[in-house]
Amino acid sequence: KEIGLGWTSDENSPFIKTVKEALESITNVKITEFMHKLGASDCRFYSNAGIPTINVGAGQMKLHVPDENIEWKQVEQAEKFYFEIAKRII
């Protein structure tokens, strides 16, 4: 695996705010902190090119291990989240 420089996005960008609001509406949890990630995510390339970038999905990063799995309800929640982002952007 290639581990590269970390990446971050401007938390005040309209895209990042839209994603944050969508996530809060689906989870009913107020987002007060963003994790700025190091590692092998392709997000680093987009972010370093000036493209507002967020890396989010079903499950928990600490469970991103061999033989990983998630509960079906987390997949359903992710589906709702992605749909909510699309509605807000369109």
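**Exercise 1. The surface and the fold**

What does the accessible surface of the protein chain come to, and what percentage of it belongs to carbon and sulfur atoms? Then describe the fold along the sequence.

*Solution.*
- Step 1. Start with the source: this is a predicted model.
- Step 2. Take the surface. The accessible surface of the protein chain is about 7,000 Å². Carbon and sulfur atoms account for 56% of that surface.
- Step 3. Turn to burial. The protein chain has 90 residues, and 22% of them count as buried.
- Step 4. List the elements. There are three helices and zero strands in the protein chain. In sequence order the pattern reads α-α-α.
- Step 5. Look at the contacts. Take those between residues at least 6 apart in sequence: 71% of them join residues at least 24 apart.

**Exercise 2. Placing P52**

Find where P52 lies, and decide whether P52 is buried, partly exposed or exposed. Then name its contacts beyond its neighbours in sequence.

*Solution.*
- Step 1. Locate P52. The loop between α2 (43–48) and α3 (72–89) holds P52.
- Step 2. Classify P52. Its relative accessibility is 38%. Partly exposed means between 20% and 50%, so P52 falls in that class.
- Step 3. Set aside neighbours within four places in sequence. P52 is then in contact with S9, S13, F15 and I16.
- Step 4. Check one of these partners. F15 and P52 are 37 residues apart along the chain. Their C-alpha atoms are separated by 6.7 Å.

**Exercise 3. A nonpolar patch**

Which residues make the nonpolar surface patch of about 300 Å²? Place I70 and classify its exposure.

*Solution.*
- Step 1. Name the members. I70, W72 and V75 make the patch.
- Step 2. Place I70. This residue sits in the loop between α2 and α3.
- Step 3. Classify I70. Its relative accessibility is 37%, so I70 counts as partly exposed.

**Exercise 4. Pairs of opposite charge**

How many salt bridges does a search of the whole structure find? Work through the pairs K30 with E24 and E71 with K73.

*Solution.*
- Step 1. Recall the principle. Side chains of opposite charge can pair when their charged atoms come close.
- Step 2. Count. The search finds five salt bridges.
- Step 3. Take K30 and E24. Their closest N and O atoms are 4.0 Å apart, and the two form a salt bridge.
- Step 4. Compare the two partners. K30 has 60% relative accessibility and counts as exposed. E24 has 17% and counts as buried.
- Step 5. Take E71 and K73. Their side chains meet in a salt bridge at 3.7 Å, N to O. E71, at 46% relative accessibility, is partly exposed. K73, at 57%, is exposed.

**Exercise 5. A bridge within α3**

What N to O distance is found in the salt bridge of E84 and K87? Explain how these residues are spaced in helix α3, and give the network they belong to.

*Solution.*
- Step 1. Read the distance. The side chains of E84 and K87 meet at 3.2 Å, N to O.
- Step 2. Explain the spacing. E84 and K87 are three residues apart in helix α3, so about one helical turn separates them.
- Step 3. Classify both. E84 is at 13% relative accessibility and counts as buried. K87 is at 47% and counts as partly exposed.
- Step 4. Extend the picture. Salt bridges with shared partners join E21, E84, K87 and R88 into one network.

Methods: Residues numbered from 1 in each chain as written. Predicted model: local features only at pLDDT ≥ 70, side-chain atom pairs only at ≥ 80, totals over all residues. Heavy atoms only, no water. Helix = DSSP H or I, 4+ residues; strand = E, 2+ residues; numbered from the N terminus. Buried < 20%, exposed > 50% of the residue type's maximum accessible area, 1.4 Å probe, protein only. Contact = heavy atoms within 4.5 Å. Areas by Shrake-Rupley, 256 points an atom, 1.4 Å probe, with all protein chains shown as cover. Patch = residues over 30% accessible without salt bridge, like charges linked within 9 Å, V, L, I, M, F, W, Y side chains within 5 Å.
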